[in-house]
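Student: Please take a close look at a single part of this model, the second largest pocket, and set it in the context of the confidence values and the other computed features.

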Amino acid sequence: MPVLQPLKGPTEAPATYKQPSRKGKKAWRKNVDVTEVEKGLEELNEEIIKGGVVTEKPSEELFIVDTVGDASLPKRFPKHTSKPLKADEIIAARSAVPFVSLRKRPGDKTTDGIIPAKRPRREYVTQKELSRLRKVADGQHESTVEVADASYDPWVSEEKSQAQLVKDKRDDEKRAPQSISQKPISLLASGKIPKAIPKPTGGYSYNPAFADYEARYTEESNKAVEAERNRLDVEEAERLKKEAAARSAAEAEAAEARAELSEWDEDSEWEGFQSGGEELKVSAKRPERKTQAQRNRIMRRKEEERRMRHDAKTKVRKAQMEEIKRIAQEVAEREHAQNLALAQMEQSESSADDNDEELRRRRLGKLKLPEKDLELVLPDELQDSLRLLKPEGNLLKDRYRSLLIRGRVEARRRVPFKKQAKTKLTEKWAYKDFSI
C-alpha cells in the first residue's frame, strides 16, 4: 500500500502582485491578492468545526446571567460581605407610626341627638339691620357707647420688672476703624513728628534779648515782604492776561472788518465768460517707461533706506532699554535711601518743633492748612512788666493747628449755619369755600 506523504514545495498559488497585467484567467489568479479571502474562509471552517458560526448563534447560547454570585467570596472576604449596604438599611427601616391612608375616611355616624344650628347667611341685609339703617337715616341715632366707671387709676405708673427690660446690645460689639492702628502722617517736610506743645524760643518772651528779638523780627519782616511781593506778582500777571485778551479781541475784530471790506473791493474772477478757444490747455508730459537697470537701482535704494531705518530704530530701542535700566537703578537706590532714612528716624524717635521746620507741599484732605497767627510785638509795644503785657494769639487755634501738623486730624472748614430745607409759602383757598 503506498504511503501518503504531504506535498513538497509551497502550497500557495504563485503570486506576482506587482505585475499590472490581468489578461486572462491565469493572469487574474496569479496577479490578484486573495490572501484575506482565504484567511476568512479558514477561520469560518474552524468555527464550524468547533460547533457553529459565532455570529449566527443566539445570545442565550453565548452569554449566561449570573444571579447567584460567587459562593467563595464570603469566605475569602468576610469583612466586606458581612456588612449590609446603607441603601438596604434605609429601605428596610420601618417606622412604628402607621402610614396615613390615602382613602377618604367615613365620618362618625354616632351623634348626641342635638341638631347643630345653621350658620346665618351674610350675603344679604337682614331686616334688623335694615330697620336700624332707616332709623339712622331719619336722624334717630342709638347710643352705642356704654359709659362705665374706671376700675383702675390711669396715672399710676407700673414698675416693670428687670426681666421685662430689653437690654441694649448696640455698644457691645464696637469695632475700631482700620486707621487707628496706623501711625499719623506728619505734615513737616522732614517727616518728623513735632511735639504737641512746641517749646517757644527766646524771641517769644515778653522781655526778650535783643539778638533773639532782632532775629525773629527780621524773619517775620522777610516773610511779610515775600507775601506782599507774591501778591503783587499775581496782580500783575492777572493784569497782563486781561490786556492780552483785550488786544487779541481787538485784533480779531479788525481782521474781521478787513475781510468784509476785501470781499466787496477786489475784482471777481467771473466778470466775463471765457470762450472755448480761450481755455487754458494743460499739456501733461507722458512719463517714459523705466528700464530694468533703473528699476534695479530704485529697488537697491529702497532696500538701503529700509535697512537704515531698521538700524536707526534698533539703535533708539537699545538707548531706551539702557535708559530704562538706569532709571530703574536710580529708583531702587532712592527707595533704599528712603527706607534707611525712615529706619533711622524711627530708631532715633526724635521729635522736632514746627517753628523752624518747613511744611511739605502735599497736604491731607482737600482744604489748605490754616496759617499760623502772627504773635509779634512791635518794638514800641514791648513791656517790662507782666501786668502791662497784652495776651497774643489763641490757645484753641494753636492746639487745632498742632493736631493738623501732627496728622491727627485733617483740615476742616467751619460751617457757620446748617443748611435748612427750602419752604414755599402758599395761600390756602379756604376763602372760596362758602355756603349760602
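Tutor: The mean pLDDT of the protein chain is 78, and 75% of its residues reach 70 or more; pLDDT is the predictor's confidence in each residue, on a scale from 0 to 100. This is a predicted model, in which local features need pLDDT of at least 70 and side-chain atom pairs count only at pLDDT 80 or more, whereas totals for chains, interfaces and linings use all residues. Residues are numbered from 1 along each chain as its sequence is written, and side-chain values use heavy atoms, with hydrogens and water left out.

Among the elements of the protein chain, the lowest mean pLDDT, 64, belongs to helix 1 (residues 25–31), and the highest, 91, to helix 2 (residues 35–50); helices are DSSP runs of H or I with at least four residues, numbered from the N terminus. Over residues 267–279 the pLDDT is below 50, and this stretch has 0 contacts beyond near neighbours in sequence, a contact being heavy atoms within 4.5 Å. Residues 349–354 also have pLDDT below 50, but that stretch has 20 such contacts.

The second largest pocket has a volume of about 760 Å³. On a 1 Å grid over the protein atoms alone, a pocket is an open set of points with protein on both sides within 12 Å along at least five of seven lines, a cavity is a set where a 1.4 Å probe fits but cannot get out, and lining residues have an atom within 4 Å of a point. Points are joined across faces, edges and corners, and a volume is the space filled by probe spheres set on them.

Of the 33 residues that line this pocket, P200, Y204, E375, E392 and D398 are the closest to its centre. Two elements, helix 8 (210–265) and helix 10 (395–405), give two or more residues to the lining, and helix 10 gives the most, with 6 residues. By class, the lining has 15 nonpolar, 7 polar and 11 charged residues, where Ala, Val, Leu, Ile, Met, Phe, Trp, Tyr, Cys and Pro count as nonpolar, Asp, Glu, Lys and Arg as charged, and the others, Gly among them, as polar.

Apart from pockets, the structure holds 1 cavity of 30 Å³ or more. The largest cavity contains about 60 Å³ of space, and its lining residues include L187, R363, K368, L404 and E410. That lining comprises 7 nonpolar, no polar and 3 charged residues.
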